[in-house]
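Trainee: Could you take me through one part of this model, slowly and in plain words? I'd like to see how it sits among its surroundings.

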Amino acid sequence: MTPGSRLIIALVGMTGISNFHRAAVGVIAPELAADLDMGPGALGAANSAFFGALLAAQIPVGVALDRIGPKRLVLLLTALAVLGAAWQSVARTGTEFIVARFLLGLGCAASFMAAVVLSGRWHRGTALTRAISTTFAWSQAGILAAGAPLAVLAGLTGWRGAFLLSAGVTALLGLAWWWLAADDPPDAPPRVIRRETLGEILAGQFSVWRTPGLLRILSLHTFAYAAMATLLALWAGPFLHDVHGLTPAARGTVLLAMGICVPLGQLLVPPLERRLGRDRTVALMCGTVILALLALAAGPALPVAVPLLCLVCAGSAYSILLVTQGRMLFPEHLVGRGVTTVNLAQVLGSAALPAVMGWAVGASGYPAGFLALAASLLLGLAGYRLGKR
């Protein structure tokens, strides 16, 4: 096995388990809500707690990526993820479950940005887009596992048993990460990490925030992934249950189909970028997602709603291009802080949109929730397009 192959396996495993934890509430949300007496607002808060932890951790994670490297940082945080996943399985109240989700989010806080940092160290140019697309596409296995397989497992062991098993799998993947991952290619010169004072750390962060072109990336990146994750990780399951009356197994099948569409869309991004260019690909895919959400807001029957949900998942893959654009803005000594700053926008949106949709659904039903997601993407796309001028 080549060093590059070992790295890809490590990245896919760690980002895959993070994807699983992000999405693991959706398919069992009705049963979870009944056992822990959680209403729509509490369910939204539980999912937002995970992303809120990611948001709180991003700046420290960025500094740590530059100071101690992705390999050691991800391993340390994985220990927190194991604790959070196990705590979920024994939670007795909605509040306790929300706190466990927050701890789990802290444990997953470096997984995706470590993949971006390491891909940037091992690849350049269009190869970087291809590497990130490949890693993120294969890591969608975690989202697939959070659909029908999780529903089947929860049916056999209960949702508590399923979450406890996920803690064990997370621990095993942490060990695999330590064995397989490497901070640099084998032919790279030894990396010299200079210790920084607090003032230098803050100066570096301010330098990142002043980077030209950053604001237009952040404006759309806030909502691009978050709109899809809000549906796939949380609200698609309750929507299919409340509006269309689907059983847990049927909901899991639909979520599995949605999850499969995510990597399919990600694998389409590199050829679309080569044919249309980066900005046009972003605009085309984002516009497609907006139209699909507007169609869902019209209240279509199930045979139409399911393909529309899948289209949202496939079309949202353009967020990879935003990550790639963001990665290319920063010099190597600031890349950890740079990519985590870019990720702050995504995490902020992922923390806010599930709660916003929960509020909209609770107030006016699911059409209002879909309209809220579409409006957020329209706002982000306007900022992305106008920021180029």
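Mentor: Let's start with the length of helix α11. It has 29 residues, and at 1.5 Å a residue they should span 42 Å; the end C-alpha atoms are 40 Å apart, so the two values agree. Keep in mind that this is a predicted model.

Now follow α11 along its path. At W235 the helix bends by about 65 degrees, and a proline, P238, follows within four residues of that spot. As for its surroundings, α11 is mostly covered, with 25 of its 29 residues buried.

One residue of α11 deserves a closer look: R216. Its side chain forms a salt bridge with D279, and the closest N and O atoms are 3.5 Å apart. R216 belongs to α11 (residues 214-242) while D279 belongs to helix α13 (residues 278-297), so this pair ties together parts that are 63 residues apart in sequence. Is R216 buried or exposed? Its relative accessible area is 13%, and because buried means under 20%, R216 counts as buried. D279 is buried too, also at 13% relative accessibility. The general idea behind such pairs is simple: side chains of opposite charge can pair when their charged atoms come close.

How many salt bridges does the model have? The count comes to three, so let's meet the other two, since they help you place α11's own pair. E273 and R278 meet in one of them, at 2.5 Å from N to O. Here E273 is buried, with a relative accessible area of 12%, whereas R278 is partly exposed at 21%.

Another salt bridge joins the side chains of R251 and E31, at 3.2 Å from N to O. This pair links distant parts of the chain: R251 sits in helix α12 (residues 248-276) and E31 in helix α2 (residues 29-36), 220 residues apart. R251 is buried, with 0% relative accessibility, but E31 is partly exposed at 31%.

For a contrast with all that covered helix, have a look at the surface. W87, V90 and V99 form a nonpolar patch there, with about 230 Å² of accessible area together. V99 lies in helix α5 (residues 94-107), and at 39% relative accessibility it counts as partly exposed.

So, back to your part: α11 is a mostly covered helix with a bend at W235, and its R216 pairs with D279 in α13.

Key
Residues numbered from 1 in each chain as written. Predicted model: local features only at pLDDT ≥ 70, side-chain atom pairs only at ≥ 80, totals over all residues. Heavy atoms only, no water. Salt bridge = Lys/Arg side-chain N within 4 Å of Asp/Glu carboxyl O. Helix = DSSP H or I, 4+ residues; strand = E, 2+ residues; numbered from the N terminus. Buried < 20%, exposed > 50% of the residue type's maximum accessible area, 1.4 Å probe, protein only. Patch = residues over 30% accessible without salt bridge, like charges linked within 9 Å, V, L, I, M, F, W, Y side chains within 5 Å. Areas by Shrake-Rupley, 256 points an atom, 1.4 Å probe, with all protein chains shown as cover. Expected span 1.5 Å × (residues − 1). Bend = angle between axes of the 7 residues up to and from the residue.
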